[in-house]
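Biologist: Hi, could you walk me through this one? I'd like to start with the metals and then wander a bit.
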Amino acid sequence: MIEITLPDGAVKKVSKGTTPMEVAKSISEGLARNVISAKFNDTVVETVTPLTEDGTLTLYTWNDSEGKKAFWHSTSHVVAQALEELYPGIKLTIGPAIENGFYYDVDFGEHTVSEKDFPAIEKKALEIARGKHDYKMRSVSKADALQYYKDQDNEFKIELIENLEDGTITFCDHSTFTDLCRGGHIPNTGIIKAIKILSVAGAYWRGDENNPQLTRVYGISFPKQKELTEYLELLEEAKKRDHRKLGKELELFTFSKKVGQGLPLWLPKGAALRERLEQFLKKAQKKAGYEMVVTPHIGQKELYVTSGHYAKYGEDSFQPIHTPKEDEEFLLKPMNCPHHCEIYNSTPFSYKDLPKRYAEFGTVYRYEQSGELHGLTRVRGFTQDDAHIFCTTEQLNEEFKNVIDLSLYVLNSLGFDNFTAQVSVRDLDNPEKYIGDVSDWEKAEQAIIDAAEEKGLNYVIESGEAAFYGPKLDFMVKDALGRNWQLGTIQVDYNLPKRFDLTYKGSDNELHRPVMIHRAPFGSMERFVALLLEHTGGNFPLWLIPTQAIVLPVSEKHEKYAEKVLNSLENHEIRALIDKRNETVGKKIREAELQKIPFMLIVGEQEEASGTVSVRKHGGEDLGSLSTDAFSDLVSTEINSTLKSF
Ligand SMILES: [Zn+2]
Ligand SMILES: [Zn+2]
């Protein structure tokens with residue numbers, strides 16, 4: 001008999017050789033029907049793998065990300081078989097699961113595959129899946145494995161096998177298909193009910209451009225056709241909400257090849273939007289006791305050697321700038337923290353002066369390979385809404401709670417109501433990975449957990465996810481399309497205070513080391529605006545949107561009155577425009593809709609006579625005739641309902 005421990009701590013005594021599926025059956029038939037993959041002692045196993053020793057068993061269903069991974073990887077085998085049948089002589093390489101679906105890298109030789117071929121591939125793959133073939137793992141000797149692929153003339157698999165140790169090599173069979181594979185499959189192909197080939201792209205073998213170019217076939221699959229349909233609708237919506245597309249349509253930002261890749265240029269409307277976001281946070285930060293500081297865009301190389309950033313990023317980042325005469329070396333600032341440490345160091349502090357909270361909208365530069373750049377989410381220059389809090393260990397819990405309050409205020413004001421928190425703590429089995437006193441770590445981790453608890457956050461604790469220099473809390477925000485974004489990291493740091501020899505005088509008159517908190521509720525202005533665009537589809541909260549209202553005169557005759565209306569709106573601090581073009585009101589409305597302007601104020605004969613405006617909301621709702629004062633009240637009521645003061 002062996003002892004199998006389940007995640008809830010329950011222990012099952014089963015006979016040696018029992019499979020995860022049999023364990024599932026012994027728990028409930030319902031569970032057994034849904035189990036598609038398993039993990040035993042940190043290793044992914046098949047549901048039919050005999051368990052031969054004591055250990056911990058986790059069973060996965062489609063609802064677990066590990067379950068999805070097995071599902072998608074298993075589908076990649078089926079798609080590979082379909083490709084082999086449709087395109088004889090192709091060479092298969094690797095086919096892993098990814099965040100959403102899977103890919104298979106294939107050397108198609110003479111064949112070319114494009115979008116028009118996708119339906120045939122999907123049809124063939126589904127045909128195979130319907131055969132309900134079991135996935136069967138078997139061990140092969142290195143010699144046999146090599147021979148198998150030599151017969152197929154597949155140099156890629158041969159290269160993979162050559163790097164494996166004899167005795168560890170396994171093949172996976174299903175139907176008539178065999179693939180070199182480590183394992184991690186669902187029980188059989190029949191569970192796969194819907195398969196979609198999403199795209200093809202070029203990919204170098206092993207990601208090296210000196211290697212042959214392969215074709216990467218991307219796909220996704222589901223246990224129900226309905227789920228595929230929903231996923232495709234989501235993809236369609238994501239395309240419409242792509243921040244790069246919306247950013248252009250709403251004239252927020254642009255890129256210029258001349259200026260350089262990954263360096264966004266903010267257009268007037270985008271700059272105004274940023275400015276409002278900054279003002280919003282600055283106002284809240286002021287109330288929360290932060291002080292603004294300003295630091296330069298470059299710093300001496302020494303600064304980053306001291307901070308440790310140079311050792312970590314130096315070689316792989318922008319290279320130093322040299323002065324013409326003094327032979328000094330400067331680096332583009334990759335982080336604001338070292339500068340803020342030196343600001344702290346410029347004044348001797350006593351415990352009575354702490355906490356010090358320095359905030360800066362600091363622009364930093366980090367080298368990203370051109371292939372990695374993506375709109376505003378992966379750039380080479382970006383502005384962090386950065387702040388560093390220097391406090392005593394005793395103040396940590398209070399400060400942490402204050403930062404949580406500020407982060408929640410930001411999320412609420414911007415319409416993010418679906419999020420969880422993740423507390424990242426040490427891996428207790430590997431203490432050597434972390435710097436600082438164990439007692440400090442214990443205090444800091446407890447301070448964060450207490451803060452999360454006291455603030456009523458819905459949080460999970462992740463062991464081993466802390467940075468080497470301190471534990472942290474992240475907000476995981478779900479956007480309107482259900483995608484997760486990590487936002488608003490609050491990081492405790494013991495490292496920089498030590499490296500910069502930061503001190504304060506305690507009540508005992510001795511020098512002590514402060515703790516440092518890094519935090520940025522937005523993360524960066526660039527990434528945050530991208531997230532906001534994709535979350536709202538460009539329909540920003542009213543307090544933030546560039547143009548809140550547009551006045552649309554029915555004809556030239558009413559321009560004077562329209563200007564009077566505009567003037568009155570401006571006096572009420574409403575951001576409004578006037579569309580004086582010689583176009584029909586219908587056309588003006590359509591364009592204002594595209595610009596996502598929340599309110600259209602139509603003015604003609606009647607409105608002028610009664611001193612009112614006809615209000616039409618974005619999306620078509622008719623609010624009828626209102627005086628400009630009544631309209632202004634309506635705007636401020638709506639703003640006050642989302643934008644509370646901090
Ligand atoms: Zn496999
Ligand atoms: Zn920092």
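Biologist: To begin, is His-77 buried or exposed, and what about Cys-181?
Modeller: Keep in mind that this is a predicted model. In it, both His-77 and Cys-181 are buried.

Biologist: Which atoms coordinate the zinc ion (ligand 1)?
Modeller: Three histidine nitrogens and a cysteine sulfur: NE2 of His-73, NE2 of His-77, SG of Cys-181 and NE2 of His-185, at 1.9 to 2.1 Å.

Biologist: What geometry does the site of the zinc ion (ligand 1) have?
Modeller: Tetrahedral, with angles of 95 to 127° among the 4 donor atoms.

Biologist: And how are those donor residues of ligand 1 spaced in sequence?
Modeller: The pattern reads H-x3-H-x103-C-x3-H. Across the long gap, His-77 in helix α3 (residues 65–86) is paired with Cys-181, which sits in the loop between β11 (177–180) and β12 (194–204). Those two are 104 residues apart, and the pair links distant parts of the chain.

Biologist: Nice. Which protein donors does the zinc ion (ligand 2) have?
Modeller: Cys-337 through SG, His-388 through NE2 and His-518 through ND1, lying 2.0 to 2.4 Å from the zinc ion (ligand 2). Since water is not among the atoms, a site may look incomplete.

Biologist: What's the spacing of the ligand 2 donors along the chain?
Modeller: C-x50-H-x129-H. His-388 belongs to strand β21 (residues 381–391) and His-518 to strand β28 (residues 515–519), so this pair ties together parts that are 130 residues apart in sequence.

Biologist: Is His-388 buried or exposed, and His-518?
Modeller: His-388 is buried, and His-518 is buried too.

Biologist: Switching to helices: at what angle do the axes of α13 and α14 cross?
Modeller: At roughly 45°, with the axes of α13 (residues 396–413) and α14 (residues 438–454) coming within 9 Å. An angle of that kind is neither roughly parallel nor roughly perpendicular, so α13 and α14 are oblique to each other.

Biologist: Is the crossing of α13 and α14 left-handed or right-handed?
Modeller: Right-handed. On the α13 side the contact includes Leu-396, Phe-400 and Ile-404, while α14 contributes residues including Ala-444, Ala-447, Ile-448 and Ala-451.

Biologist: Now backbone oddities. Which residues are joined by a cis peptide bond?
Modeller: Leu-354 and Pro-355, with omega about -5°. Pro-355 is in the loop between α12 (337–345) and β20 (356–365). For context, most peptide bonds are trans, and most residues other than glycine have a negative phi.

Biologist: On that second point, what is phi for Glu-251?
Modeller: Near 55°, a positive value in a residue other than glycine. Glu-251 lies in the loop between α8 (243–249) and β14 (253–254). Its relative accessibility is 40%, so Glu-251 counts as partly exposed.
Modeller: Glu-573 also has a positive phi, about 60°, without being a glycine. You'll find Glu-573 in the loop between α17 (559–571) and β30 (576–578), and it is exposed, with a relative accessible area of 70%.

Biologist: Last one: where is Met-335?
Modeller: In the loop between β19 (329–332) and α12. Met-335 counts as buried because its relative accessibility is 18%, and the cut-off for buried is under 20%.

Biologist: Which residues does Met-335 touch, leaving out those up to four places away in sequence?
Modeller: Tyr-304, His-309, Tyr-313, Val-364 and Arg-366. Separately, Met-335 and Leu-496 are 12 Å apart in space, C-alpha to C-alpha, and 161 residues apart in sequence.

Definitions and conventions. Residues are numbered from 1 along each chain as its sequence is written. Chains are lettered from A and ligands numbered from 1 in the order in which they are written. This is a predicted model: local features need pLDDT of at least 70, side-chain atom pairs count only at pLDDT 80 or more; totals for chains, interfaces and linings use all residues. Side-chain values use heavy atoms; hydrogens and water are left out. Donors are N, O and S atoms within 2.8 Å of the metal (3.2 Å for Na, K and Ca); water is not among the atoms, so sites may look incomplete. Four donors count as tetrahedral if all angles lie between 85 and 135 degrees; four count as square planar and six as octahedral if opposite donors are over 155 degrees apart and all others between 65 and 115; anything else is irregular. Helices (H or I, at least four residues) and strands (E, at least two) are DSSP runs, numbered from the N terminus. Buried means under 20% relative accessible area, exposed over 50%, partly exposed in between (1.4 Å probe, protein chains only). Axes are lines fitted to C-alpha atoms, for helices over the stretch in contact, and angles run from 0 to 180 degrees between N-to-C directions. Angles under 35 degrees count as roughly parallel, over 145 as roughly antiparallel, 65 to 115 as roughly perpendicular and the rest as oblique. A crossing is left-handed if the near helix is turned anticlockwise from the far one by less than a right angle, and right-handed if clockwise. Contact means heavy atoms within 4.5 Å.
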